[in-house]
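Dear colleague,

I am handing over a structure to you with this email, and below it you will find what turned up in it. Please keep the structure open while you read, and look up each residue as it is named.

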Amino acid sequence: MFQGSRASSIRIRSALLVAAILALSSCTSDSTPGGSNALPGNALDGSGNQSNGIVGNENAKVGQVWWFALPLPVNSSETDIEITSSSVLEPAKGLKVLGYGAYDLEDTEGLPLMALEGSGDAPKFDELKNHANEPVTVKGGEESEIFFAVRLKIEAPPSGTTRSCRYEYRQGQQLYRQTLDCELDLRTN
């Protein structure tokens with residue numbers, strides 16, 4: 001049994017309390033892959049096309065691969081941002097994320113909200129320059145010339161909808177993470 005003074009007992013309990021708080025905060029921090037922390041961001045305008053409705057198809061089939069455009073980044077701040085990644089949060093059950101891409105709007109002749117891979121009117125994404133592996137700069141107060149998309153495979157009849165997308169971006173030296181509405185509803189018949 002430990003025998004010590006009341007002062008040393010208080011110091012030990014204080015040290016244990018500080019260690020517990022630090023351990024708990026590291027478990028709940030909003031960290032990005034690689035360990036850096038991202039702050040909640042608000043530079044992206046969340047009122048674009050994808051936030052105002054549902055994009056979908058009710059005649060999809062198991063085995064098909066679809067491309068779905070994430071909200072087009074619009075920088076509502078006065079300072080440039082560099083988008084470093086994009087993702088879909090919690091895809092509907094039955095959908096598998098195959099990858100992400102970032103493409104020039106000119107190359108696809110506009111924003112393809114969703115496209116069935118291999119169909120005649122779908123962009124040939126595999127032939128286009130993919131900007132996803134480099135930061136994409138969006139000037140302050142401007143709309144991006146690059147759009148981000150997710151490639152999804154229907155592995156089973158989807159249940160539910162995909163509702164949120166996330167961007168990570170750097171503004172100055174700080175990394176930010178911002179979630180935007182983007183609702184996708186694929187149904188099989």
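Glutamate 142 is partly exposed, because its relative accessible area is 42%, a value that falls between the limits of 20% for buried and 50% for exposed. Please bear in mind that this comes from a predicted model. In the chain, glutamate 142 belongs to the loop between strand E7 (136–138) and strand E8 (146–159). Together with Glu106, Asp107 and Glu145, Glu142 forms a negative surface patch.

Two further glutamates deserve a look for their backbone. In general, most residues other than glycine have a negative phi. Glutamate 90, however, has a phi near 50°, which is a positive value in a residue other than glycine, and glutamate 109 likewise has a positive phi, near 55°. Where do these residues lie, glutamate 90 and glutamate 109? Glutamate 90 is found in the loop between strand E4 (81–89) and E5, while glutamate 109 sits in the loop between E5 and strand E6 (114–116). Glutamate 90 counts as exposed because its relative accessibility is 70%, and glutamate 109 counts as exposed because its relative accessibility is 79%; the cut-off behind both statements is a value over 50%.

The aromatic rings are the other topic. A pair of aromatic rings is described by the distance of the centres and the angle of the planes. The structure holds six aromatic pairs, and one of them joins tryptophan 67 and tyrosine 103, which meet edge-to-face, with 5.9 Å from centre to centre and 80° between the planes. Why does this pair tie together parts that are 36 residues apart in sequence? It does so because tryptophan 67 lies in strand E3 (residues 65–69), whereas tyrosine 103 lies in strand E5 (residues 93–104). Both tryptophan 67 and tyrosine 103 are buried.

Another aromatic pair, formed by tyrosine 169 and tyrosine 176, is stacked, with 5.8 Å between the centres and 25° between the planes. Tyrosine 169 counts as buried because its relative accessible area is 1%, and buried means under 20%.

Finally, please return to tryptophan 67 and tyrosine 103 in the structure, since ring pairs link Trp67 and Tyr103 with Phe125 and Phe147 into a cluster.

With best wishes

Technical notes:
Residues numbered from 1 in each chain as written. Predicted model: local features only at pLDDT ≥ 70, side-chain atom pairs only at ≥ 80, totals over all residues. Heavy atoms only, no water. Phe/Tyr/Trp six-rings, centres within 6.5 Å; stacked < 30°, edge-to-face > 60°. Helix = DSSP H or I, 4+ residues; strand = E, 2+ residues; numbered from the N terminus. Buried < 20%, exposed > 50% of the residue type's maximum accessible area, 1.4 Å probe, protein only. Patch = residues over 30% accessible without salt bridge, like charges linked within 9 Å, V, L, I, M, F, W, Y side chains within 5 Å. Areas by Shrake-Rupley, 256 points an atom, 1.4 Å probe, with all protein chains shown as cover. Salt bridge = Lys/Arg side-chain N within 4 Å of Asp/Glu carboxyl O. Lys, Arg positive; Asp, Glu negative; His and termini not counted. Charge placed at Lys NZ, Arg CZ, Asp CG, Glu CD.
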